[in-house]
Amino acid sequence: MTLLEKGSRPSASPRTGGSPDPTATVSIATRSKARARRRPSTLTIVVLVILTGLILVPVATVFYGAFQSGAPGLPTSRFSLDAVLSVYASPKYLLSLVGTLAMALVVAALSVLFGAIAAWLLARTNVLIRSVLEFGLILPLFISPFIGAVAWYMLGAPRSGIINVNLQWMLGLPEDSVIVNISTVPGVMFVELLYFLPYTYMLIASSLRNMDPSLEEASYLNGRGIVATALRVTLPVVRPSVTASFFMIAVFATGIFSIPAALGLDTGFSPLAVQVYRKMTVFPADQPGAAAIGTLLFWFTLLGIYFYRRSVRNSRRFVTMGGKATRPRMVKLGWWRWPITIVFLIYGLLAAVLPYLAMILLALQPFPITDFRQMQPSLDSFFSVFKDPAVTGALFNTLWIGLAAPTIAVVLGLAAAYVAVREKSRLSGVVDYISNFPMAVPGIVFATGIVWLYVRTPLYLTLALLIITLVATYMPQATRFAATGLMQIDGSLEEAARMSGASRLRALLTITTPLVRPALMSSWILLFIFSSREVNEAILVAGPHSQPLSVLAWNYMSDGTLNLTAVVGILMSLVMLAGLIVARLVFRVRLSSAQM
Amino acid sequence: MTESGTTTAAPADRIGASLKVDGLRIAYGAVEAVKGISFSIEPGEFLTLLGPSGCGKSTTLRCIAGLEPASGGTISIDGAVVAGPGKHVQPEKRGINMVFQSYAVWPHMTVAKNVGYGLKGVPGAEARQRVEEVLDLVGLGRFASRYGTELSGGQQQRVALARAIVTRPKVLLFDEPLSNLDAGLREQMRFEILALQRATGITAVYVTHDQTEAMSMSDRVVLLNDGSIEQADEPREIYRRPRTEFAANFVGRANILPGVLTAARDGLTVAGIAAPVRAAEAADRSIGDAASAVFRSESVRVGEATASVENVWPATVERVSFLGRNLDVLYRVGDLEVRGELPPGSDVAVGQSVRIGVRAADVHYVPHESR
């Protein structure tokens with residue numbers, strides 16, 4: 001789920017707490033004193049070159065590809081306007097663009113609405129079992145949206161879905177009557193909403209937490225009631241984070257491939273991201289066309305990121321940090337506590353409980369049986385999956401990716417953040433900008449560029465290339481975590497080391513690195529989860545021997561063997577769970593909403 | 001710090017270096033923070049860079065430390081150029097150390113580790129002994145195994161101090177080290193730092209915006225304003241004979257009456273005052289004709305005390321505020337305001353007409369600055 005994962009952690013504050021800016025994807029360099037040192041350091045140059053090759057070149061290649069006449073690497077391919085014209089001037093694609101954007105904006109608006117209400121209720125009212133509800137809201141973050149979508153396909157597919165098949169006989173409805181159909185535009189939007197909601201909730205909740213409670217107290221003392229205070233004081237103060245989360249979700253939803261693709265949204269309208277995939281893979285492939293659609297998508301995600309960054313920058317103006325640790329006044333809900341708590345529980349049911357029940361149920365069937373009356377509990381699916389040699393390979397690939405991509409990304413992110421936060425050359429701003437750039441590029445579009453760029457190299461279809469792709473994709477998160485960590489370390493701590501006779505390197509290794517380690521650990525764990533469930537890019541970049549579990553699940557799903565898909569989905573969840581447990585018990589890193 | 005501690009920490013080889021700053025300029029893009037300043041420090045001297053925030057004093061200090069590149073001019077330590085055209089000796093190679101405003105005590109290390117950090121290359125046993133010695137010197141011997149964050153502000157400041165002297169630097173830099181402490185502790189630390197510097201003989205450059213710190217600790221004060229030196233002198237001299245209106249205002253409270261110098265340059269014609277304001281010393285040619293008469297508020301006399309005084313004016317008492325140790329009195333002389341000090345028991349009332357006066361010996365002239 002690259003798209004989601006990509007921006008998913010806009011708010012990277014390390015566990016050390018008291019982190020100033022959870023919503024920060026703002027340009028770091030502009031924040032530090034704008035001091036221009038004449039010569040950029042070697043580190044700056046090295047980081048700049050790596051980031052350019054990792055991020056900018058593949059994106060540029062998408063544009064190059066859009067102006068080619070044939071497949072990448074083909075000697076007969078030459079400059080041509082055909083692909084661009086056929087996409088940019090075709091009513092079919094323009095209509096699809098309008099549909100994609102409309103869907104994205106509606107999903108973003110609804111996520112923000114529900115996310116803001118949930119954040120306010122959890123932060124300012126006496127809801128029942130608050131910590132349980134909060135856990136329920138962030139739990140879906142640890143489920144891959146792709147797996148969630150797959151599970152919802154099992155539940156709500158028009159003919160074979162568990163809900164339809166079983167309600168038919170339970171309610172005595174005629175066969176073939178469709179009660180829910182998840183493979184529709186509203187269905188896709190529903191699933192997107194389920195898995196995007198935690199992000200808007202977290203962004204808005206963190207800005208509510210950072211708000212100075214005396215602003216609300218002053219409103220109460222001026223005779224305003226609960227509603228007036230919430231709407232006229234609280235909402236304006238958190239508005240920048242509301243706006244920021246709106247644009248963030250709009251960008252994810254515009255470029256997301258996995259959810260509509262997994263739900264099989266393919267009749268009549270399909271989002272542009274799905275069309276990119278189809279043009280790349282379905283015979284007869286039209287790679288220049290895919291690249292051209294990619295560029296079309298890119299303009300809008302870029303615009304969204306522009307607005308996103310602008311609102312995040314504004315958020316610093318409003319939210320007061322490091323204020324007194326007084327607790328805001330808690331609104332008493334009265335009997336409303338009950339229905340509100342039930343609504344939260346229903347969300348948890350829809351986003352986490354039902355999907356996993358469906359997957360476990362299907363994984364225990366020898367065939368994709370969805371009718372409760374015909375179910376035959378068996379472990380055959382597990383056996384057949386584990387007998388498939390592709391599975392062992394995919395498991396190892398996933399582990400490899402999960403270990404290598406976060407490690408490289410964290411190290412590179414630390415270097416980039418160091419340049420952006422500590423170095424004072426003009427190029428630090430450029431480094432900061434490039435490292436945040438992948439947020440604006442939908443995963444499947446970036447993957448198109450990667451394929452085009454590397455198709456003639458020995459790296460093509462290897463695991464290494466997939467890891468390189470993911471490192472580029474996760475640079476925004478890795479840089480953000482490290483930068484937040486670095487910004488909390490006063491520069492004089494490093495300078496004191498230099499004054500005590502330490503070289504730059506010794507200061508970096510003995511002072512800076514130990515102090516940012518908690519931030520780097522959180523970053524690593526998060527990226528581990530992201531990369532072990534990634535599908536948006538892997539689907540195009542992985543070869544037959546480098547496919548991870550997510551792509552395997554996708555293949556089983558395309559074959560219609562939902563029982564096997566379920567087994568792989570459970571396996572993926574177990575890998576992620578193992579990662580979290582190791583993080584918690586071995587490295588003492590806790591992921592909680594406060595730090596995301 | 002105990003007397004015995006002081007003596008053990010002053011081996012003969014620990015003598016400070018001389019430092020010379022020549023035409024130092026520091027620019028950030030188009031903004032020039034330090035505009036070509038020069039001063040020098042003798043070995044073992046305690047020099048303070050004093051000035052309001054934004055005057056370039058901290059920047060100058062960081063430039064001496066090597067943490068900030070110079071845009072022009074040279075800095076040399078014991079005659080060896082450490083910063084100059086095409087030359088920038090890395091901070092760790094300059095043989096200096098620094099105490100930071102934020103203390104910069106590393107939170108992931110114990111006090112002993114913090115202090116011993118700079119003793120890389122010193123054999124273990126000797127390093128341990130030196131750390132112990134320095135910690136005893138600053139009175140933190142008992143806290144060696146604590147973590148920096150478990151200490152109070154004053155204790156952290158002592159750790160920072162110990163860490164800065166343990167490497168036996170030739171020059172010790174202080175960047176507003178006391179500004180985060182509360183008033184009582186600040187005064188105590190002032191004396192401790194000074195005693196330590198005297199005992200070790202390390203050359204010290206101290207940056208502060210607090211004139212009391214500057215006055216009480218320094219051998220010499222370099223008063224900076226807006227990137228340039230206003231005056232570099234001994235503390236008493238700056239107080240007694242400020243050379244500019246800024247210096248008069250920044251150090252102590254001064255009355256500044258603008259006017260025009262008489263032909264003999266020993267009187268200043270001030271609008272609204274009948275007789276020229278006299279000073280004991282005639283004004284230097286270099287200060288021009290438009291000048292200001294400067295005198296301290298404690299030099300202002302009232303009533304009978306004005307009997308044998310050269311400058312006497314009729315005044316009305318406009319405001320009296322009780323400051324505990326004395327009364328701060330604002331007099332009006334024509335259109336001018338004059339501030340004076342009276343003992344707390346004095347019998348003055350607002351609106352009262354009085355005669356006030358200043359001895360010519362307490363007045364001197366500075367160039368007039370039009371604001």
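**Figure 1. A hairpin in chain B, made from β10(B) and β11(B).** In this predicted model, strands β10(B) and β11 (residues 228-233) of chain B pair up in the antiparallel sense, with 5 bridges between them. If you want one pair to look for, take B:Val221, whose bridge partner in β11(B) is B:Asp233. Just 2 residues sit between the two strands of the hairpin. In that turn you'll find B:Asp226, which has a positive phi of about 55°. Now look for another partner of β10 (residues 220-225): strand β3 (residues 46-50) of chain B runs parallel to it, and 4 bridges join the two. Here B:Leu47 stands opposite B:Arg220 of β10(B).

**Figure 2. B:Val205 and its company in the largest nonpolar core.** Which residues touch the most other members of this core? They are A:Met154 and B:Val205, out of 279 residues. The element that gives the most to the core is helix α9 (residues 185-210) of chain A, with 15 residues. In chain B, domain 1 (3-237) and domain 2 (253-367) both contribute residues, so the core lies between them. Zoom in on B:Val205 and skip its neighbours within four places in sequence: its contacts are then B:Leu19, B:Ile41, B:Leu47, B:Leu49, B:Leu61, B:Ile64, B:Val171 and B:Leu173. You've already met one of these, B:Leu47, as the residue opposite B:Arg220.

**Figure 3. Strand β15 (residues 290-296) of chain B, mostly covered.** How many of the 7 residues in this strand are buried? The count is 6. Two pairings of β15(B) are worth tracing. Strand β12 (residues 254-261) of chain B pairs with β15(B) in the antiparallel sense over 7 bridges, and B:Asn255 stands opposite B:Phe295 there. Strand β21 (residues 364-367) of chain B also runs antiparallel to β15(B), joined to it by 4 bridges. In that pairing, look for B:Ala291 opposite B:Pro367.

**Figure 4. An open sheet of 5 strands in chain B.** Read across the sheet and the order goes β16-β20-β17-β18-β19, with antiparallel pairing. Why do β16 (301-302) and β19 (336-342) each have one side without a neighbour in the sheet? Both stand at the edges and have a single partner strand each, so there is no strand on the other side. For β19(B), you can follow the pairing with β18 (residues 327-333), which is antiparallel and spans 7 bridges. One rung to spot is B:Val333 with its bridge partner in β19(B), B:Leu336.

**Figure 5. Chain B as a whole, and where it meets chain A.** Step back for a moment and you'll see 9 helices and 21 strands in chain B. Its C-alpha atoms fill a box of roughly 75 × 50 × 35 Å along the principal axes. The chain is divided into domain 1 (3-237) and domain 2 (253-367), and the C-alpha centres of these two domains lie 40 Å apart. Of the 371 residues in the chain, 41% count as buried. Take the contacts in chain B between residues at least 6 apart in sequence: 66% of them join residues at least 24 apart. Where the chains touch, 19 residues come from chain B and 18 residues from chain A. On the chain B side, that breaks down into 10 nonpolar, 6 polar and 3 charged residues.

**Figure 6. A:Phe252 in helix α11 (residues 226-255) of chain A.** Is A:Phe252 buried or exposed? There are 32 C-beta neighbours inside 10 Å of A:Phe252, so this residue counts as buried; the cut-off is 20 or more. Compare its position with that of A:Met557, which is 305 residues away in sequence and 23 Å away in space, C-alpha to C-alpha.

**Figure 7. How confident the prediction is along chain A.** The average pLDDT of chain A is 84, and 89% of the residues score at least 70. Among the elements of this chain, helix α1 (residues 2-8) has the lowest mean pLDDT, 33, while helix α20 (residues 463-473) has the highest, 96. Keep an eye on residues 320-324 of chain A too, where the pLDDT stays under 50 and the model has 4 contacts beyond four places in sequence. Residues 592-596 of chain A are also below 50, and this stretch has 11 contacts in the model beyond near neighbours in sequence.

Methods
Residues numbered from 1 in each chain as written. Chains lettered and ligands numbered in written order. Predicted model: local features only at pLDDT ≥ 70, side-chain atom pairs only at ≥ 80, totals over all residues. Pairing = 2+ DSSP bridges. Domains from an automatic or database assignment. Contact = placed C-beta atoms within 7 Å. Nonpolar A, V, L, I, M, F, W, Y, C, P; charged D, E, K, R; others polar. Buried ≥ 20, exposed ≤ 12 C-beta atoms within 10 Å, placed from the backbone. Core = buried A, V, L, I, M, F, W, Y, C linked by C-beta atoms within 7 Å. pLDDT = per-residue confidence, 0-100.
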